[in-house]
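Here is a brief report on a ligand site and on the backbone of the chain around it. Look at the model first, then read on.

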Amino acid sequence: MAVDATKAYDDQNIFAKILRGEIPNRTVYEDDFALAFHDINPQAPTHVLVIPKGPYVCWDDFSAKADAAEIAGFVRAVGKVARDLGLVVPGYRLLANTGINGHQEVPHLHVHLFAGQPLGPMLVR
Ligand code: AMP
């Protein structure tokens with residue numbers, strides 16, 4: 001079920017449990033600000049999720065409340081993961097679902113990184 005972007009952070013969400021090491025993940029990259037791991041149900045040959053270490057529900061929450069170091073660290077981590085995986089050429093797609101219409105399901109901010117094939121038009125109408 002999609003989550004309301006304005007709800008309070010729930011520290012029992014699955015990505016919070018991954019960050020605490022309570023649930024396993026296939027880690028691609030980790031630093032002080034971010035964790036990147038393979039999506040459990042990949043939608044492309046490469047489908048990695050990058051999440052901030054801080055407790056932010058979604059892009060709206062993060063962009064409003066995270067401090068400058070957290071924002072810079074997270075954005076740099078997303079770019080580094082893509083470079084380290086060799087995705088810059090021929091390219092990749094980033095997606096951050098937000099709120100009900102964005103169909104966000106896990107209430108901890110995550111950026112989807114898709115690659116490994118031509119990804120087609122942005123949205124299917
Ligand atoms: P979203 O709809 O943007 O909230 O996407 C949530 C994503 O999390 C989906 O692509 C799921 O396949 C993925 N996901 C859910 N649980 C796990 C998990 N334990 N490990 C890795 N990915 C997960």
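Helices and strands here are DSSP runs, numbered from the N terminus; a helix needs at least four residues and a strand at least two. With that in hand, two backbone features can be placed. The model is a predicted one.

**Backbone**

Where is Pro90 placed? Pro90 falls in the loop that links α3 (68-84) to β4. The peptide bond running from Val89 to Pro90 is cis. Its omega is near 15°.

His103 belongs to another stretch, the loop between α4 (99-102) and β5. Phi of His103 is positive, near 60°, and the residue is not a glycine.

**The ligand and its shell**

The ligand is surrounded by 17 residues. Asp39, Asn97, Glu105, His110 and His112 are the closest. By class, the shell holds seven nonpolar, eight polar and two charged residues.

Which elements supply at least two residues of this shell? They are α1 (14-19), β2 (34-38) and β3 (46-52). α1 gives the most, with three residues.

Three of the closest residues also offer polar atoms to oxygen atoms of the ligand. The table lists these pairs.

| Residue | Protein atom | Distance to a ligand oxygen atom |
|---|---|---|
| Glu105 | polar backbone atom | 2.6 Å |
| His110 | side-chain N or O atom | 2.8 Å |
| His112 | polar side-chain atom | 2.8 Å |

Glu105 thus takes part through its backbone. His110 uses its side chain, and His112 uses its side chain too. Taken alone, the ligand exposes 510 Å². The protein buries 84% of that area.

**The pocket**

Where does the ligand sit? It occupies the largest pocket. The volume of this pocket is about 840 Å³. Its lining has 31 residues. Asp39, His47, Leu49, His110 and His112 come closest to the pocket centre.

Five elements are named as giving two or more residues to the lining: α1, β2, β3, β4 (92-95) and β5 (111-115). The lining divides into 17 nonpolar, 10 polar and four charged residues.

**Pulling it together**

Asp39, His110 and His112 appear both among the residues closest to the ligand and among those closest to the pocket centre. α1, β2 and β3 likewise serve the ligand shell and the pocket lining. β4 follows the loop that holds Pro90, and β4 contributes to the lining. β5 follows the loop that holds His103, and β5 contributes as well.

Key: Residues are numbered from 1 along each chain as its sequence is written. This is a predicted model: local features need pLDDT of at least 70, side-chain atom pairs count only at pLDDT 80 or more; totals for chains, interfaces and linings use all residues. Side-chain values use heavy atoms; hydrogens and water are left out. A residue is near a molecule or strand if one of its heavy atoms lies within 4 Å of it. A polar contact is a pair of N or O atoms within 3.5 Å; within protein, one must be able to donate a hydrogen and the other to accept it, and residues adjacent in sequence count only if both atoms are side-chain atoms. Accessible areas come from the Shrake-Rupley method with a 1.4 Å probe; for residues, only the protein chains shown count as cover. On a 1 Å grid over the protein atoms alone, a cavity is a set of points where a 1.4 Å probe fits but cannot get out, and a pocket is an open set with protein on both sides within 12 Å along at least five of seven lines; lining residues have an atom within 4 Å of a point. A molecule sits in a cavity or pocket if more than half of its atoms lie within 2 Å of its grid points. Ala, Val, Leu, Ile, Met, Phe, Trp, Tyr, Cys and Pro count as nonpolar, Asp, Glu, Lys and Arg as charged, and the others, Gly among them, as polar. Grid points are joined across faces, edges and corners, and a volume is the space filled by probe spheres set on the points.
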